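Let's walk through this model together, strand by strand. Please keep the sequence and the 3D view side by side as you read.

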Amino acid sequence: MKKINFLMATLTAITLGSCITDEIEIPKSEGNHENPQVIQISATMDTGAATRAGTALQSTALSFDASRKAGVYVYKNTKTAITDSYGYENNQVTALAADGTLTTTAMFYPQDGGAIDAYVYAPYVSTGASLAAMPFTINGNQSSDANYLASDFVFGKTANVSTGNAAEVTLNHALSKIIVNVTAGTGSPSLTGLSGIQLTGINTKATINMTTAFNNTRPYVNKSAVTSNTTGNVTVSSGTTTTAACIIPPQTTPAGAKISLTIDEATKTADINGQEFEPGKVYTIAVTLNLNAITVKVTSIEDWATGTTINKAITM
């Protein structure tokens, strides 16, 4: 499992965990004046099912390129806000190299020597960011890997990290993954004319409370920690592929929610309203195209990390 190191260093030559000379001014909230300790954070993905059908995107390692960034919050142990002038909020982490080495501005342990809690999330949110109410909108066209990854909100927390120790964070998927499989049914209609798969009338915006989000066992993300709103459409595929995946906010799909196929320049739809999608789970939707109708069934529900299977059908 690939580990991504968050190297907290300035552009000057600062060695992680080493002393800073007195030539560098250390703010009061940023470490012991005599021997300030730089925080080193590493992060790994919780391993499990691949996050995109047929590929290993962001399954065992956080995927980064020049356009993708992460955010870091650090507080005193048990705190979720700046306390006694100490804390770091939404520090941006950027990719520097193909091997996954990341950096942000230097962060230090409290000058009183106390322990810290560290939160890491991705992708980075620049507007309205809040640890307790992080706003996030999925991409409306997830037919490309880049837009799919931009929709995969992951986060994690490590608590009670003592001064001088590395803060190791395991990242978990906060949203729901949908795999759509399209097959030919009664009358054996041809699928060669398939040119697109969409989910329409679903919630596309989420709010994530990272302070209350974690269970001790899988699924690690509490259902109550992620809410959704604002209906819209998501393009799952814009080509001829019969198996494709997308990521949506956890929700019970609103009235009018549908799955839509574009085939031979015509649109075929089926209702998916009232279907519950939970955080951190993968749902496989089997779409059977008959000559006169579409049949839809949720054939499996899996934890993103464990592969537990549950069968459920949607009545047409």
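Strand S6 (residues 116–122) and strand S8 (residues 154–161) run antiparallel and are joined by 6 bridges. Strands here are DSSP runs of E with at least two residues, helices are runs of H or I with at least four residues, and both are numbered from the N terminus; two strands pair if DSSP finds at least two bridges between them. At one point of this pairing, Ala 122 has Val 154 in S8 as its bridge partner. S8 is also joined to strand S9 (residues 167–173), again antiparallel, by 2 bridges. There, Phe 155 is matched with Asn 172 in S9. The hairpin of S8 and S9 has 5 residues between the strands, and in it Gly 164 takes a positive phi near 95°.

A word on how to read all this. The model is predicted, so local features need pLDDT of at least 70 and side-chain atom pairs count only at pLDDT 80 or more, while totals for chains, interfaces and linings use all residues. Residues are numbered from 1 along each chain as its sequence is written, and side-chain values use heavy atoms, with hydrogens and water left out.

Now go back to Ala 122, because the backbone there deserves a look: the peptide bond from Ala 122 to Pro 123 is cis, with omega near -5°. Pro 123 itself lies in the loop between S6 and strand S7 (134–137).

Phe 155 leads to another feature. Together with Tyr 73, Tyr 75, Tyr 121, Tyr 124, Phe 136 and Phe 153, Phe 155 forms one aromatic cluster. Rings of Phe, Tyr and Trp (its six-membered ring) pair if their centres lie within 6.5 Å; planes under 30 degrees apart count as stacked, over 60 as edge-to-face and the rest as tilted. Over the whole structure, a search finds 8 aromatic pairs. Phe 277 and Tyr 283 form an edge-to-face pair, with 4.8 Å centre to centre and 85° between the planes. Are these two rings' residues buried or exposed? Phe 277 is buried, with a relative accessible area of 4%, and Tyr 283 is buried at 2%. Buried means under 20% relative accessible area, exposed over 50%, and partly exposed in between (1.4 Å probe, protein chains only).

Phe 136, from the cluster, also appears in the surroundings of Thr 204. Thr 204 is found in strand S11 (residues 194–208) and is buried, with a relative accessible area of 10%. Leaving out residues up to four places away in sequence, Thr 204 touches Phe 136, Thr 137 and Ile 138, the run Asn 229, Thr 230, Thr 231, Gly 232, Asn 233 and Val 234, and also Pro 249. Contact means heavy atoms within 4.5 Å.

Which residues does Thr 183 contact beyond its neighbours within four places in sequence? They are Leu 191, Val 287, Thr 288 and Leu 289. Thr 183 lies in strand S10 (residues 176–184) and is partly exposed, with a relative accessible area of 40%. The C-alpha atoms of Thr 183 and Asn 290 are separated by 8.9 Å, with these positions 107 residues apart along the chain counted as their separation.

Two residues other than glycine have a positive phi worth checking in your viewer. Asn 90 has phi near 60°; Asn 90 sits in strand S4 (residues 88–95) and is buried at 12% relative accessibility. Asp 264 has a positive phi of about 50°. Asp 264 is in the loop between strand S15 (258–263) and strand S16 (266–271), and is exposed, with a relative accessible area of 58%.

Now zoom out to the chain. It has 1 helix and 19 strands. Of its 316 residues, 48% count as buried. Among contacts between residues at least 6 apart in sequence, 68% join residues at least 24 apart. The chain exposes about 13,700 Å², and carbon and sulfur atoms supply 47% of that area; accessible areas come from the Shrake-Rupley method with a 1.4 Å probe, and for residues only the protein chains shown count as cover.

Finally, consider confidence. pLDDT is the predictor's confidence in each residue, from 0 to 100. The chain averages a pLDDT of 78, and 73% of the residues score at least 70. Among the elements of the chain, S7 has the highest mean pLDDT (98) and strand S1 (residues 4–8) the lowest (47). pLDDT stays under 50 over residues 96–101, for which the model has 11 contacts beyond four places in sequence. Residues 306–316 also stay under 50, and for them the model has 31 such contacts. Where pLDDT is low, the predicted coordinates should not be read in detail.
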